[in-house]
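Me: I should like to learn how to read individual features of a structural model. May we work through one together, taking each feature in turn?

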Amino acid sequence: GRMLYGHNEKEKAYPASITKIMTVLLALENCSMDETVTFSENAVFSIERGSSHIARTTDEELTMEQCLYAIMLESANEVCLAVAEHISGSISNFVGLMNKRVKDLGLKDTHFNNPNGLPDPKHYTTAYDMAVIARQAMKSSAFRKACGTRRYVCAKTNKHKQERTWQNHHQMIN
């Protein structure tokens, strides 16, 4: 936990998809991996056109474990929304939970405004704060396993009758 090097570590910046670390951390802290997440119309259709997704369908069901891999390997924005709704009932309630967890970690320079990191001027963090959040997430063996997985095969679902393979896009792992 000791800082070995710092450069602008307290400068506020837009976190983009590393926001998903907090989303997954909250999923790990609030759910079991065998819970069923059902995709709402809002979760499926309210992401930006052209953003990362895994093409889920309204009323499709995935386990929380499948959601974790979709988020960490494919950066699936609609899955973040479905997980947020599953945990908190709404995106806005989940964002409140995200910001409460930030305060619980003693962080003062982060404010989340969505669970997937899509652009928003009220969505910011610092390198230091994200390092603290990532360190907390790394305490989970499920998080470490998902981050280090090269390839995950998602079983067929109630809406997709074929298995789907998700790849880790992190070049240091591949």
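Me: How many salt bridges does the count come to?

Reply: Side chains of opposite charge can pair when their charged atoms come close. In this predicted model, the count comes to three salt bridges.

Me: Which side chain meets E29 in a salt bridge, and at what distance from N to O?

Reply: E29 meets R101, with 2.8 Å from N to O. This pair links distant parts of the chain, given that R101 belongs to helix α5 (residues 91-104) and E29 to helix α1, 72 residues apart. As to accessibility, R101 counts as buried at 15%, whereas E29 counts as partly exposed at 36%.

Me: Which residues in helix α5 are separated by about one helical turn, and why?

Reply: They are D104 and K100, because these two residues stand four residues apart in helix α5. Their side chains meet in a salt bridge of 3.0 Å, N to O. D104 is partly exposed, with a relative accessible area of 48%, and K100 is partly exposed with a value of 48%.

Me: Which side chain does E60 meet in a salt bridge? Are E60 and R56 buried or exposed?

Reply: The side chain of E60 meets that of R56, again with a N to O distance of 2.8 Å. Both E60 and R56 are buried.

Me: Let us turn to helix packing. At roughly what angle do the axes of α1 and α6 cross?

Reply: To read a helix pair, one considers the axes, then the sense of the crossing, then the residues involved. The axes of helix α1 (residues 19-30) and helix α6 (residues 127-137) cross at roughly 35 degrees and come within 10 Å. The crossing of α1 past α6 is left-handed. On the α1 side, I21, M22, L25 and E29 make the contact; on the α6 side, M130, I133, A134, Q136 and A137 do so. By character, these contact residues comprise seven nonpolar, one polar and one charged. E29 of α1 thus appears in this contact and also in the salt bridge with R101.

Me: How many disulfides does the count come to, and why is the sulfur of C67 not bonded to that of C154?

Reply: The count comes to zero disulfides. A disulfide requires two cysteine sulfur atoms within 2.5 Å. The cysteine sulfur closest to that of C67 is in C154, at 8.6 Å, and is therefore too far for a bond. Taken from C154, the closest cysteine sulfur is in C67. C67 is buried, with a relative accessible area of 0%, and C154 is buried at 2%.

Me: Finally, consider the backbone. What is the phi of A55, and where does A55 lie?

Reply: Most residues other than glycine have a negative phi. The phi of A55 is near 55 degrees, a positive value in a residue other than glycine. A55 lies in the loop between α2 (41-45) and β2 (61-63). With a relative accessible area of 34%, A55 is partly exposed.

Me: What is the phi of S75, and is S75 buried or exposed?

Reply: S75 has a positive phi of about 55 degrees, although S75 is not a glycine. The loop that holds S75 runs between α3 (64-74) and α4 (77-88). S75 is buried, with a relative accessible area of 17%, whereas A55 is partly exposed.

Methods: Residues are numbered from 1 along each chain as its sequence is written. This is a predicted model: local features need pLDDT of at least 70, side-chain atom pairs count only at pLDDT 80 or more; totals for chains, interfaces and linings use all residues. Side-chain values use heavy atoms; hydrogens and water are left out. Axes are lines fitted to C-alpha atoms, for helices over the stretch in contact, and angles run from 0 to 180 degrees between N-to-C directions. A crossing is left-handed if the near helix is turned anticlockwise from the far one by less than a right angle, and right-handed if clockwise. Contact means heavy atoms within 4.5 Å. Ala, Val, Leu, Ile, Met, Phe, Trp, Tyr, Cys and Pro count as nonpolar, Asp, Glu, Lys and Arg as charged, and the others, Gly among them, as polar. Buried means under 20% relative accessible area, exposed over 50%, partly exposed in between (1.4 Å probe, protein chains only). A salt bridge is a side-chain nitrogen of Lys or Arg within 4 Å of a carboxyl oxygen of Asp or Glu.
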